[in-house]
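Visitor: Hi! Could you walk me through this structure while I have it open?
Guide: Happy to, let's pull it up.

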Amino acid sequence: MELAWGEDFAALSDVSKSVFARYSPLEDRSNSVPFADQVAQFAELGWLQLGDPSGVDPDSPSLTTIAGIFVEMGRALASTPLLDLMTSRDAALLIGTDEAVGVAKRIGNGESTVVPVFPSADWGSRVSYDDGLLNGVALAVEHADRAGSFLVHAGGPESVVVLVESGSSIGVEAMPNMGGHPMFEVIFDNVPVLGDVLARGAEADRAVEVAGQRAAVLRAAQVYGAGLKLLDMTVLYAQQRHQFGGPIGRFQAVQYLCTDIAVAAHLTSVHARAAAAALDAGRDPQPHLGLMRRQAAKAALEIVHSAHEVHAGIGYMVESNVHLFTDAAKRWQFDFGSAAQNDAEIVSALDRIYAEDVR
């Protein structure tokens, strides 16, 4: 299998660099682009319409191409709602009903800010749907305070995907965290679903699963981009910082640490490309996704650890940008789950493939 990014990956990356320079705390800590302006810009650029996981539009750019945006988002360490909006849109397109496609179109043209609420057992979240009412709590929902509506995956007598408008009947409470990420607790207490259920049962579960798989690939691309930027910063510091009569970069121990950052980042890229290629081709992505999640979580830890080893105490100073990557990396580790969980997914997928081959 050829492991390459998509055909227009480089062109999309070039555009993304200039866009995310506006949002990057690495350039200016006081950078604060209003949320509505970010959504409007993404819609104007057409980014909210990129990709068609349902396969209806054969000319739609591949996931391996779209990843170019997220590599640059990671390199700039930009915090934006882009991934959340694209995940909601992907899930709606995968459901494929007229109503769901209408939701996807409104997200795509910037009319609706739809935040996905896909509760994760890793966070102890659970939302149920019964007799037209939503109950439960979803944790670590990003940008919930800015949502126009929520796309909710709920359990109950059967799983469903429903669209509910944000408002006073839905509780949104901030989850303070070390990295300052816009994470919230979303509380449903007998919240009525006024519209139709968009999907039920296996159809609902499948749409959310595939949308989540695509989001994981794009998050891994972010980790890769962050690793590339942190590598550049660390190598430059090793060249400029002089000790014992010369730059510290001349020491083998420092060179090894820089190499560790490069290896961790590029291995993440390899697994992300493999998972994206499988999703683009309609193949079973699970073995690649398990390996990707495991590597991306490991890389998020290793790139910041090695960078801090080289920068030493200066990396923890407010004036340094290294600690900003540490804050972001901790959030990414949670996104990818535990090593044990990922190992179980890999083994399960390989067992299934082996059983199919034997048959």
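**A chat about cores, sheets and pockets**

Guide: The largest nonpolar core has 91 residues, and Phe20, Trp47, Phe70, Met292 and Trp332 touch the most other members. One thing to keep in mind is that this is a predicted model.

Visitor: Thanks! Which helix gives the largest share of this core?
Guide: That is H6, with 19 residues.

Visitor: And what does Phe20 touch?
Guide: Leaving out residues up to four places away in sequence, Phe20 touches Phe42, Trp47, Ile69, Glu72, Met73, Ala76, Ala78 and Thr80.

Visitor: What about another core?
Guide: Yes, another core of 22 residues lies apart from the largest one, and its members include Val160, Val164, Ile170 and Phe184.

Visitor: Let's move to the strands. In what order do the strands of the open sheet come?
Guide: The order is S1-S4-S5-S8, so to speak a row of 4 strands with mixed pairing.

Visitor: Which strands stand at the edges?
Guide: S1 and S8, the latter covering 199–200, stand at the edges. Each has a single partner strand, so one side of each is left without a neighbour in the sheet.

Visitor: How do S1 and S4 pair, parallel or antiparallel?
Guide: They pair in the parallel sense, over 4 bridges, with S4 spanning residues 149–154. If you want a spot to click on, Val114 stands opposite Ser149 in S4.

Visitor: And S4 with S5?
Guide: S4 and S5 are antiparallel, with 6 bridges. Ala154 has Val160 in S5 as its bridge partner. The hairpin of these two strands has 5 residues between them, and there Gly156 takes a positive phi near 135°.

Visitor: Is S5 mostly covered or mostly open?
Guide: Mostly covered: S5 runs over residues 160–165, and 5 of its 6 residues are buried. On to its pairing with S8, which is antiparallel over 2 bridges. There, Val161 stands opposite Ala199 in S8.

Visitor: Which strands does S7 join up with?
Guide: S7, residues 183–192, runs antiparallel to S3 with 8 bridges joining them. One of the pairs is Asn135 with Asp189 in S7. S6, residues 170–174, also runs antiparallel to S7, joined by 5 bridges. In that pairing, Val172 has Val186 as its bridge partner.

Visitor: Switching to pockets. What volume does the largest pocket have?
Guide: Its volume is about 1,100 Å³. The lining has 34 residues, and Phe118, Ser120, Gly212, Arg293 and Asp335 lie nearest the centre.

Visitor: Which element gives the most to that lining?
Guide: H6 does, with 7 residues. Elements that each supply at least two lining residues include H4 (82–95), S3 (133–142), H8 (286–311) and H10 (339–358).

Visitor: How does the lining of the largest pocket split by class?
Guide: There are 16 nonpolar, 9 polar and 9 charged residues in the lining of the largest pocket.

Visitor: And how much space lies in the second largest pocket?
Guide: About 870 Å³. The second largest pocket is lined by 33 residues, with Leu77, Ala78, Ser79, Thr80 and Pro182 nearest its centre.

Visitor: Where does the largest share of that lining come from?
Guide: From H9, which gives 5 residues to the lining of the second largest pocket. H2 (35–45), H4 and H6 each supply at least two residues there as well. By class, the lining of the second largest pocket has 14 nonpolar, 10 polar and 9 charged residues.

Visitor: Last topic, a couple of aspartates. Where is Asp280?
Guide: Asp280 is in helix H7, residues 252–281. Not counting residues up to four places away in sequence, Asp280 touches Ser62, Leu63 and Thr64. The C-alpha atoms of Asp280 and Gly55 are 9.0 Å apart, although 225 residues separate the two along the chain.

Visitor: Why does Asp280 count as partly exposed?
Guide: Because its relative accessibility is 34%, and partly exposed covers the range between under 20%, which is buried, and over 50%, which is exposed.

Visitor: And what about Asp232?
Guide: Asp232 is found in helix H6. Asp232 is partly exposed too, with a relative accessible area of 46%. C-alpha to C-alpha, Asp232 and Glu309 are 15 Å apart in space, and 77 residues apart in sequence.

Visitor: Great, thanks for the tour!

Terms used: Residues are numbered from 1 along each chain as its sequence is written. This is a predicted model: local features need pLDDT of at least 70, side-chain atom pairs count only at pLDDT 80 or more; totals for chains, interfaces and linings use all residues. Side-chain values use heavy atoms; hydrogens and water are left out. On a 1 Å grid over the protein atoms alone, a cavity is a set of points where a 1.4 Å probe fits but cannot get out, and a pocket is an open set with protein on both sides within 12 Å along at least five of seven lines; lining residues have an atom within 4 Å of a point. Grid points are joined across faces, edges and corners, and a volume is the space filled by probe spheres set on the points. Ala, Val, Leu, Ile, Met, Phe, Trp, Tyr, Cys and Pro count as nonpolar, Asp, Glu, Lys and Arg as charged, and the others, Gly among them, as polar. A nonpolar core is a set of buried Ala, Val, Leu, Ile, Met, Phe, Trp, Tyr and Cys residues joined through side-chain atoms within 4.5 Å. Buried means under 20% relative accessible area, exposed over 50%, partly exposed in between (1.4 Å probe, protein chains only). Contact means heavy atoms within 4.5 Å. Two strands pair if DSSP finds at least two bridges between them.
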